[in-house]
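User: Could you take a close look at the sheet in this model for me? I'd like to know how its strands pair and what packs against them.

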Amino acid sequence: MQDPADQANSPTLDASAMPHADQFSETSRRGPYTFPPADRIRKKSEYAAVFSNSRKVVDRYFVCYLVTQEQQGSKMGLAVSRKVGKAVTRNRVKRYLREFFRTHRPLMTAPCHFVIVARPAAAALSYAECVRAMKRLLQRGGVLDG
RNA sequence: CGAGCAGGCCGGACGGUCGCGGUAUCCCUUCGGGGAUAUGGAGGAAAGUCCGGGCUCCAUAGGGCGAGGUGCUUCGUAACGCGAAGGCGGGGCGAUCCGACGGAAAGUGGAACAGAAAACACACCGCCUACGUCUUCUUCGGAAGGCCGGUAAGGUUGAAAAGGUGCGGUAAGAGCGCACCAGCGUCGUGGCGACACGGCGGCUUGUCAAACCCCACCUGGAGCAAUUCCAAAUAGGGGAGCUACAGGCGUGGCCCGCGCUGCUCCCGGGUAGGAAGCUUGAGGCGCAUGGCGACAUGCGUCCCAGAUGAAUGGCCGUCUCGGGGGCUUCGGCCCCUAGACAGAACCCGGCUUACAGGCCUGCUCGUACU
RNA sequence: GGCCCCAUCGUCUAGGCUGGUCUAGGACACCGCCCUUUCACGGCGGCGACACGGGUUCAAAUCCCGUUGGGGCUA
């Protein structure tokens, strides 16, 4: 078991596998592998802020806009257009990306806001392929340990 | 056993764990929220948005014109373009399947090309020369030819040619006469009815209405981003018009009518938060009764998703249904693999389209055996 | 989510309501020839399309139904 993120999928948790666990608030008594509504980008203005001043990392499956945000912690937003596929396909892609964010958040080097835009090729990915692609992408963006 | 027809049903199961969103109770709170426990969280099509309703607003949806839809009958239903039972026509040996299936002697139109002719029929090739008349010949009986004509049996064209077949009849023919068949009208019988059967009559009135149209019936318009409430924000500016014999808006084809308005319209500027609507409903399940059936009635029982940048997912284990591969002593054994179409957005009833695989019931035909 | 519209040569379009020589017309583009010393302009000719599947009809780009793919409006 090389990947510490895989521990989110196992019943036993190890505190030493969380290098950046201190970025979570003191009041939260839940585990590190969560994705509550406060950590999502939900407003039009937040989306606009990320799109306007951010770095862009691209591969053939996803486009990732990311901007470092020290105060507010990490937040993620999604954009999956109808070009990706029908409703079932789009929902699956969004679930995979949420699951990736949930399980890999403790590995991030710095808190940042980012929006992931799915491209049509992402429709054919399985969850494992999706995780591999996203890890490479965020490592190139410089916000993920690897 | 093989081939087939119809109807109904299922659309992996159980468990662990990390998450996501709903509800209830309790606890904490810096009043923003956070936490614990319990409970339940996609479909047969949730899809396409093709019909019909409920609901909300506009007048409790009113009148006229226009526009659109439906189209054998009778039932069922809240309603329907849906369903059931039947009629008629067509396909199939059959079980059964398919059908926009009212009206063309109300009207207006269309039918390219071909063909004589495409709709108050016509006369190209044919057939006939009885009647009338002319010429020639004559064995004085008549014969041949022409004119005036007759005819729709046959031929050609076409998607389609003016009832069909047979006998009689005739100069040749013709519903001209008759028989049967088709069609039309009418009467009787059966049926609620579509229609069926039988008698009689005069003999024939083609096709397209998914061309306009006629007839019957139906439809007011918009849609939960409807609509209502709370909070916040800007109220300031520029331009134009109107002073009632009227103007504007609601109203989405128009007119009337109705309602609202005292200022109205245009340009420019600002807001996109929260709550209600939001899930108890023509509701599901079971039983009984009525009905051939669709369905209805009664009783009992259950509460079963409500998000809003938008919840159902990730991983692991066990077991099954199929599928693939290998071994085989043909009994089986081992390995791999949950795998179709597809994701609620106000809610129902249908229709249509997509769909891996599987189950049940009834029936038909063929073969074999008893 | 809801409500609408559209689909014709490579591109922009005409025809569709009223079905038939529509073998689907035009413009630009492309190809060939002529003109010119050459290019451009001009002239002549050519290539080239009814989104898909059914139905009605003798006959469908046109009428009807379904499917697919685009686009718009709406708090």
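Analyst: Happy to. Let's begin at one side of the sheet, where β3 and strand β4 (residues 112-118) run parallel to each other, joined over 5 bridges. If you would like a spot to find by eye in this pairing, look for Ala-79, which stands opposite Val-117 in β4. Please keep in mind that this is a predicted model.

From β4 we can step across to β2. Here the sense is antiparallel, and the pairing of β2 with β4 extends over 7 bridges. A handy landmark is Leu-66, with Phe-114 of β4 opposite. Leu-66 is useful a second time, since this residue of β2 is also the bridge partner of Arg-55. That takes us over to β1.

Strand β1 (residues 55-58) pairs with strand β2 (residues 62-68), again in the antiparallel sense, with 4 bridges between them. Besides the pair at Arg-55, you can pick out Val-57, whose bridge partner in β2 is Cys-64. The link between β1 and β2 is a hairpin of 3 residues.

Now we can put the pieces together. The 4 strands make an open sheet with mixed pairing, and their order across it is β1-β2-β4-β3. At the edges sit β1 and β3 (75-79), each of which pairs on one side only. Going from one strand to the next, the twist averages 20°.

Next come the helices that pack here. Helix α1 (residues 44-52) packs on the sheet and touches β2, β3 and β4, with its direction at about 90° to that of β4. Helix α2 also lies across β2, β3 and β4, and α2 runs at about 165° to β3. As for β2 itself, this strand is mostly covered, with 5 of its 7 residues buried.

It is worth following α2 a little further, to its contact with another helix. The axes of helix α2 (residues 87-104) and helix α3 (residues 127-141) come within 10 Å and cross at roughly 60°. Because of that angle, α2 counts as oblique to α3. The crossing in which α2 passes α3 is right-handed. On the α2 side, the contact is made by Tyr-96, Leu-97, Glu-99, Phe-100, Thr-103 and His-104. On the α3 side, the residues are Tyr-127, Cys-130, Val-131, Met-134, Lys-135 and Leu-138. By type, the residues of this contact of α2 with α3 divide into 8 nonpolar, 2 polar and 2 charged.

Finally, here is how the sheet fits into the whole chain. Chain A has 3 helices and 4 strands, and from the N terminus on its elements follow the order α-β-β-β-α-β-α. Chain A has 146 residues, of which 40% count as buried. Among its contacts between residues at least 6 apart in sequence, 79% join residues at least 24 apart.

To retrace the path in the viewer, you could start with the parallel pair β3 and β4, move on to the antiparallel pair β2 and β4, and end with the hairpin that joins β1 to β2. Then add α1, which packs on the sheet, and α2, which lies across β2, β3 and β4.

Terms used. Residues numbered from 1 in each chain as written. Chains lettered and ligands numbered in written order. Predicted model: local features only at pLDDT ≥ 70, side-chain atom pairs only at ≥ 80, totals over all residues. Heavy atoms only, no water. Axes fitted to C-alpha atoms, helices over the stretch in contact; angles between N-to-C directions. Helix = DSSP H or I, 4+ residues; strand = E, 2+ residues; numbered from the N terminus. Parallel < 35°, antiparallel > 145°, perpendicular 65-115°, else oblique. Left-handed = near helix turned anticlockwise from the far one by under 90°. Contact = heavy atoms within 4.5 Å. Nonpolar A, V, L, I, M, F, W, Y, C, P; charged D, E, K, R; others polar. Pairing = 2+ DSSP bridges. Buried < 20%, exposed > 50% of the residue type's maximum accessible area, 1.4 Å probe, protein only.
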